[in-house]
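This report introduces one protein structure to a reader who has not met it before. Please keep the sequence and the three-dimensional view at hand while reading.

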Amino acid sequence: MPVNMQNSLAKINSEGLLEDSYIFVSESGIKLLKNIHIAGMRFRNLNERLSESFLDAAIVSGAFSGTSMPELAELCVLRSGIYYGIDRAFMKYAGYSLPVAHIGATRVQQGSGGFETEVYFRKTDAIMGKKHLLTSEIIASGSTFKAVFETLPRSIEKWTVFSAASAYNGLSILSRLAMAHGVRASFFANCFIGYTDNGTDIPFFHKSAIMPAYVEESLRRSYGNELFEAIPCCIGDGGRRFCYPEKHYREILDVYSGMNLKEKKSRLRLEKILRETEGFLKECEKGI
C-alpha cells in the first residue's frame, strides 16, 4: 500500500455491531496509528485532520441524510472530547459552529476488574430539542456510553459517532444501548475495530480484531512484525495524550524500554520511538 493512503470506507456487517458500522481508512488515521508515542499538539493536529476526513466519510455514507442543520448538535465527552476537532471540521464544511453539549465522565475500575463510569459534569442545554448528535470518542469497554445515554433528551433520533480507536466490546454495548433507546446510530472506526481483554487496552494484534489486510500490512511494515504484535494498546489514554503529554511520554518509556525484541526491523523502530519520546519529554520539561 503506498504511503499516501487513499480514503477508503467499508461497511462492516458483524453480529453485535450497529447496522451502520464502518471502517474508515485515511492518511491521517493510519499516521495516527503509526505514531503511538506522540502527544500534545502533534496528537491533536492528526486528530483534527482525522475528524475532517471522518465528516467527509459520514456525509458520503448518507449518515446525515434527512437531517437539517438546525437539528444537529455535538455531544462532547470530557476530558478528551473537545480536542478531536469536530467543531473545526464542521466549521470548514458548513461555515459555522455546531451547538455543543458537554458531559464530564470518568471511568472507575471496580473490584471485579470491570469499569463503571461516573458522570461529574453535565451541560446539555445545547442538545435540547435536537434530533441528531455528533460525537468523537475512544471506545474500549463502552462504560462511558452507558452513562452518556442516560443524559439524552427524548428528541434525539440519530447519533453519528467517530472513533480514533475502538473495541468490539464497547461497540456491542453501544449497539444495544442505541436499540434500547430508539436511537439510529452510525459508527465510523479509524482503520480497524479491535478487542479489549482488560476493558481499557486495545492492541493491534488480536484474534478478534477486524482489520483490513492492507491496513495490517501497512502497520507491520511500519513497526515490524514483532513490535506490531507486542504493542499493548494502539491509542493509550486520549485525555492524557491531549492534556498531559509528559505523562504519556513517561508511560511510553516505562512500558517499551524493557521490551527485548529479536527482529531487526522491530528493534530499530522501537529505538526510534524511544529516542523521539525522550526528545518530546525534554521539550515538555523546558522552562516557559
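## A strand covered on both faces

The model shown here is a predicted one, and a useful place to enter it is strand S6, which spans residues 132–136. Both faces of S6 are covered, with His-132, Leu-134 and Ser-136 buried on one side and Leu-133 and Thr-135 buried on the other. In a regular strand the side chains alternate between the two faces of the sheet. Counted along its length, S6 has 5 of its 5 residues buried, and the strand is accordingly described as mostly covered.

## The neighbours of S6

Strand S6 pairs with strand S3 in the parallel sense over 3 bridges, and it also pairs with strand S7, residues 158–163, in the parallel sense over 5 bridges. Between S6 and S7 the chain passes through helix H4, residues 143–149, and this β-α-β crossover is right-handed. Leu-133 takes part in both pairings, since it stands opposite Ala-73 on one hand and has Trp-159 in S7 as its bridge partner on the other.

## Ala-73 in strand S3

Ala-73 belongs to strand S3, which covers residues 72–78. Is this residue buried or exposed? Ala-73 counts as buried because its relative accessibility is 0%, a value that lies under the 20% limit for that class.

Beyond its neighbours within four places in sequence, Ala-73 is in contact with Pro-99, Ala-126, Ile-127 and Lys-130, as well as with His-132, Leu-133 and Leu-134. By contrast, the C-alpha atom of Ala-73 is separated by 31 Å from that of Ala-209, a residue 136 places away along the chain.

## Aromatic pairs

The structure holds 17 aromatic pairs. A pair of aromatic rings is described by the distance of the centres and the angle of the planes. For Phe-145 and Trp-159 the ring centres are 5.5 Å apart and the planes stand at 55°, so this pair is tilted. It links distant parts of the chain, with Phe-145 in helix H4 and Trp-159 in strand S7, 14 residues apart, and both Phe-145 and Trp-159 are buried.

A further pair, formed by Phe-162 and Phe-188, is edge-to-face, with 5.8 Å from centre to centre and 75° between the planes. This pair also links distant parts of the chain, as Phe-162 lies in strand S7 and Phe-188 in strand S8, residues 184–190, with their positions 26 residues apart in the numbering. Phe-162 and Phe-188 are both buried, and ring pairs link them with Tyr-22, Phe-24 and Phe-54 into a cluster. Elsewhere, a charged side chain meets a ring: Lys-247 lies over the face of Tyr-244, at 4.7 Å from the ring centre.

## Cysteines without a bond

How many disulfides does the structure hold? The number is 0, and two cysteines can serve as illustrations. The sulfur of Cys-233 has its closest cysteine sulfur in Cys-234, but the distance of 5.2 Å is too far for a bond, given that a disulfide requires the two sulfur atoms to be within 2.5 Å. Cys-233 is buried, because its relative accessible area is 10%.

For Cys-243, the closest cysteine sulfur is that of Cys-76, and at 11 Å this sulfur is likewise too far for a bond. Cys-243 counts as partly exposed because its relative accessibility is 27%.

Key
Residues are numbered from 1 along each chain as its sequence is written. This is a predicted model: local features need pLDDT of at least 70, side-chain atom pairs count only at pLDDT 80 or more; totals for chains, interfaces and linings use all residues. Side-chain values use heavy atoms; hydrogens and water are left out. Helices (H or I, at least four residues) and strands (E, at least two) are DSSP runs, numbered from the N terminus. Buried means under 20% relative accessible area, exposed over 50%, partly exposed in between (1.4 Å probe, protein chains only). Contact means heavy atoms within 4.5 Å. Two strands pair if DSSP finds at least two bridges between them. A crossover is right-handed if, with the strands pointing away from the viewer, the path from the first strand over the helix to the second runs clockwise. Rings of Phe, Tyr and Trp (its six-membered ring) pair if their centres lie within 6.5 Å; planes under 30 degrees apart count as stacked, over 60 as edge-to-face and the rest as tilted. A charge sits over a ring if NZ of Lys or CZ of Arg is within 6 Å of the ring centre and within 35 degrees of the ring normal.
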